Each structure stands twice: as C-alpha cells, then as structure tokens.
Amino acid sequence: MKNHLLITFVMIFSLLAAACNDNGKETRNAPPGDTAELESPGPTPGPEVKEYDFRGSDWGATREEVMATERNEPVYEDDDTLEYKGVVEKMLMLITYKFRDDKLVRGGFVLNQQIRDKNEYPERYNKLKKILIEANGAPRKDIEKNLNPNAVINDENKGDAVCRGDIVYGAQWVLPDTVINLLLNGQQSQCYLAIIYTSREELEFRTNQSGGQEDG
C-alpha cells in the first residue's frame, strides 16, 4: 500500500506559506504520545519520560531502531518508508516514517478514514491544533485560505468547502530540531488531514539539493 499523501501535503503547504528556516521558538519538540498505546501527538505526562523528535524515535534513527519502538508490524515498507496503522485521539491514522540513507528524517500522521459528516474535518483539525499548541506553543504560521472567491462558504458548510478544495487550512511550528506542519485540504469531495514532522537537517539538505528553492 504505497502512500504519497505526505509528499502531497508538503507541496500544498509550500504553495501557501514559505517554510521558516531560522532558529524559531527555542522549545524542545514534545513526544507525540506513548509509543505502545498510539495516543495523541501531544506530550506524554511525567518528567521520567524521554522526549523524542517523532513518536519513540529521534532523527537519525535507523529502520531497525524505529521498528523496535512500534508494537505492530508495518502495513507497508520499502527502502525509505515504513507505514503503520494506529489510533490518534480516537482517529484512525496512517503513521509514516521516511528515511534517507537509513536515517529517520521525516514522520507523519495521516487520517486514514473517510468521515460521513464532512463538517467534522475542521473540528478534528482544530482538535489536533489545540494539542500541538499545548505541546509546542503558538504556531509560527496559521492559515485559513479561501481558494475559491466565488464559493459561498459559512460555518455550516465549511467541511464541504474543504473537501471540494475551496478552503485549505495550515499551521506550522518551527522548533530547534523539527518543523511541524498541520494540514487540512481536499479535492473531488475528499478531505485529507495530516501532521508532518520534518527534521531541520533534512530541510537544509533539501534546500541545498534544490538550489535554495525547497520549502518545509
């Protein structure tokens, strides 16, 4: 089951807002929940819990080290990808790890279910956004962009507007080692919701590879 949603989300967010590559807010990236229980992307309570860059792993971890932190078997894997199914804040999620030269450089949670009431998508986006704010402070960028000025949009049909592609939401946190993008967009009546964690080192590598044109 090959999944390209993370790449799609990064491209969409890059069009809406250039990623920040400065030092950002000097706070440590909080762990996205207990690895065994597959809970929220917010902090795990307790001073005895080690903080990680993404779930139970730090940037630079090998595939074997990452797999040792997950309870279940991956639902997909190749040379640079591991994908697991899990539950985040009572939402079915696809949990993706991306590697370069066998070193972890990116991770993400992608909503892995279709919701009948499309107005629940903005509600779930805001729920995840609140958790990320509690863990990492206010976002550096916070966007609600109307892509269709001719569309009639109100609070009662915002979910439908997102799934049509008329509205896109995005929030970004820039931490010392990590850039986090929370994204909600849609096309052809389907909504896509994701949280993407990317190492700052990987962003710098991609920027150098693209001659300075790459955004986070």
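**Group meeting: a walk through the fold**

Okay, reading along the sequence, the pattern we get is α-α-β-β-β-β-α-β-α-β-β-β-α. That adds up to five helices and eight strands. Before I go on, please keep in mind that this is a predicted model. The protein has 216 residues, and 49% of them count as buried. It exposes about 10700 Å², with carbon and sulfur atoms supplying 46% of that. And if you take contacts between residues at least 6 apart in sequence, 57% of them join residues at least 24 apart.

Let's start with the sheet. Eight strands make an open sheet, and the order across it is S1-S2-S3-S4-S8-S7-S6-S5, with antiparallel pairing. At the edges you'll find S1, residues 76-78, and S5, residues 141-146, and each of those pairs on one side only. From one strand to the next, the twist averages 15°.

Then there are helices lying against it. H3, residues 120-136, packs on the sheet and touches S2, S3, S4, S5, S6, S7 and S8. Its direction makes about 175° with that of S7. H5 packs on the sheet as well, touching S3, S4, S6, S7 and S8. The angle there is about 95°, between the direction of H5 and that of S8.

Now zoom in on S3, residues 91-100. How many of its 10 residues are buried? Eight, so the strand is largely enclosed by the rest of the structure. On one hand S3 pairs with S2, residues 81-88, through eight bridges, and the two run antiparallel. Along that pairing, Val88 sits opposite Met91. On the other hand S3 pairs with S4, residues 103-111, again in the antiparallel sense and over eight bridges. There, Lys98 has Arg106 as its bridge partner, and Ile95 stands opposite Phe109.

The turns are worth a look too. S2 and S3 form a hairpin with two residues between them, and Glu89 in that turn has a positive phi of about 50°. Glu89 is partly exposed, at a relative accessible area of 26%. The hairpin of S3 and S4 also has two residues between its strands, and in that one Asp101 takes a positive phi near 55°.

While we're on positive phi, have a look at Arg55. Its phi is near 50°, and this is a residue other than glycine. You'll find Arg55 in the loop between H1, residues 5-16, and H2, residues 63-69. So is Arg55 buried or exposed? Buried, with a relative accessible area of 1%.

For the cysteine people: the structure holds one disulfide. Just as a reminder, a disulfide is a covalent bond between the sulfur atoms of two cysteines. Here the partners are Cys163 and Cys191, with their sulfur atoms 2.1 Å apart. Where does the pair sit? Cys163 is in helix H4, residues 158-164, while Cys191 is in strand S8, residues 190-199. The two are 28 residues apart, and the pair links distant parts of the chain. The torsion about the S-S bond of Cys163 and Cys191 is about -115°, so this disulfide is left-handed. Both cysteines are buried.

Leading into H4 there's a loop from S5, and Pro149 is in it. Pro149 has 70% relative accessibility, so it counts as exposed. Asp166 is 17 residues from Pro149 in sequence, and the C-alpha to C-alpha distance between them is 8.2 Å.

Last stop is H5, residues 200-209. Which of its residues are buried? Those are Arg200, Glu202, Leu203, Arg206 and Thr207. They cover an arc of only 160° around the axis, which puts them on the same side of H5. On the other side, Glu201, Asn208 and Gln209 are exposed. If you want the general background, an α-helix has 3.6 residues a turn, so residues three or four places apart point the same way. And just after H5, Gly211 takes a positive phi of about 70°.

That's the tour, so over to you for questions.

Note on methods
Residues numbered from 1 in each chain as written. Predicted model: local features only at pLDDT ≥ 70, side-chain atom pairs only at ≥ 80, totals over all residues. Heavy atoms only, no water. Disulfide = S-S within 2.5 Å. Helix = DSSP H or I, 4+ residues; strand = E, 2+ residues; numbered from the N terminus. Buried < 20%, exposed > 50% of the residue type's maximum accessible area, 1.4 Å probe, protein only. Arc of directions from axis to C-beta. Contact = heavy atoms within 4.5 Å. Areas by Shrake-Rupley, 256 points an atom, 1.4 Å probe, with all protein chains shown as cover. Pairing = 2+ DSSP bridges. Axes fitted to C-alpha atoms, helices over the stretch in contact; angles between N-to-C directions.
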